[in-house]
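Open the structure in your viewer and keep the sequence panel beside it. This tour says what to select at each stop and what is there.

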Amino acid sequence: MPSLRTIWLCGLLLTTSVGFVSLDDMPAIARRREAPKVVRVTDVQLQSENIAGVWYHRLTGRVRNETATPVRNVQIYYEIYDPVSQRLLEAGATQLRNRVINSEGEAEFLATPNAGGRVKITLVEWLSGDREYRSFQQMQEFSQ
């Protein structure tokens, strides 16, 4: 029967059987706590302009590829809320079609929503280098 030993690691008490997890394995456990490498929106601007009594809106922003491989077909999902209340005015998406973003690279996006207000980026999807679709639930509001 394997014996048990107790290890203190960063304030955590771990009980393991001898030979199952060694101290050499601890950096691998710590690495699992790192932030995931994703594609994320880093900046958003929503500009509104009234031309001849009609409001036009332009949503622009920057996307950063934090993964180790190039990505393509990046899709950005957003929501626009009333500037005063919590009322949702519009939900939409925009895509960087056939645009490759290299590892640690950035690209700009553009959308033309039908409303102005506070912008919340909800989800980013992309096609990774291994031809798998990935996503990141960003859920981040950007102040204007």
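The stops below go from the whole chain to single residues.

**Before selecting anything**

This is a predicted model, in which local features need pLDDT of at least 70 and side-chain atom pairs count only at pLDDT 80 or more, while totals for chains, interfaces and linings use all residues. Residues are numbered from 1 along each chain as its sequence is written, and side-chain values use heavy atoms, with hydrogens and water left out.

**Stop 1: the whole chain**

Show the chain as a cartoon. It has one helix and 10 strands; helices (H or I, at least four residues) and strands (E, at least two) are DSSP runs, numbered from the N terminus. Following the chain from the N terminus, the order is β-β-α-β-β-β-β-β-β-β-β.

Of the 144 residues, 37% count as buried. Buried means under 20% relative accessible area, exposed over 50%, and partly exposed in between (1.4 Å probe, protein chains only). Switch to a surface view: the accessible surface comes to about 9400 Å², and 50% of it belongs to carbon and sulfur atoms. These areas come from the Shrake-Rupley method with a 1.4 Å probe; for residues, only the protein chains shown count as cover.

Contact here means heavy atoms within 4.5 Å. Among contacts between residues at least 6 apart in sequence, 56% join residues at least 24 apart.

**Stop 2: salt bridges**

How many salt bridges does a search of the whole structure find? There are eight, a salt bridge being a side-chain nitrogen of Lys or Arg within 4 Å of a carboxyl oxygen of Asp or Glu. Side chains of opposite charge can pair when their charged atoms come close.

Select Arg-40 and Glu-66 and show their side chains, which meet in a salt bridge with an N to O distance of 2.9 Å. Arg-40 sits in strand β3 (residues 39-51) and Glu-66 in the loop between β4 (54-65) and β5 (72-81), so 26 residues separate the two partners in sequence. Arg-40 is partly exposed, at 22% relative accessibility.

Next select Arg-62, Arg-64, Glu-104, Glu-106 and Glu-108, which are linked in a network of salt bridges. Two of its pairs can be viewed in turn:

- Arg-62 and Glu-108 form a salt bridge at 2.9 Å, N to O. Arg-62 lies in strand β4 and Glu-108 in strand β7 (residues 106-111), so this pair ties together parts 46 residues apart in sequence. Arg-62 is partly exposed at 26%, whereas Glu-108 is exposed at 55%.
- Arg-64 and Glu-106 form a salt bridge whose closest N and O atoms are 3.5 Å apart. This pair also joins strands β4 and β7, so it ties together parts 42 residues apart in sequence. Arg-64, at 22%, is partly exposed, and Glu-106 is partly exposed at 34%.

**Stop 3: a charged residue without a salt bridge**

Select Glu-79, in strand β5. Is this residue buried or exposed? Glu-79 is buried and has no salt bridge; its nearest side chain of opposite charge, Lys-120, is 4.7 Å away. For charge, Lys and Arg count as positive and Asp and Glu as negative; His and the chain ends are not counted.

Add the residues that Glu-79 touches, beyond those up to four places away in sequence: Leu-88, Glu-90, Ala-91, Arg-118, Val-119, Lys-120 and Thr-122.

**Stop 4: the start of strand β5**

Select Arg-72, also in strand β5. Arg-72 is partly exposed, with a relative accessible area of 32%. Now mark the C-alpha atoms of Arg-72 and Leu-127: they are separated by 5.3 Å, though the residues are 55 apart along the chain. Leaving aside neighbours within four places in sequence, Arg-72 is in contact with Arg-99, Val-100, Trp-126, Leu-127 and Arg-131.

**Stop 5: two residues with positive phi**

Most residues other than glycine have a negative phi. Select Asn-73, which is not a glycine and has a positive phi of about 55 degrees. Asn-73 is in strand β5 and is buried, at 17% relative accessible area.

Finish at Met-139, in the loop between β9 (133-136) and β10 (140-142). Met-139 has a positive phi of about 50 degrees and is not a glycine. At 40% relative accessibility, Met-139 is partly exposed.
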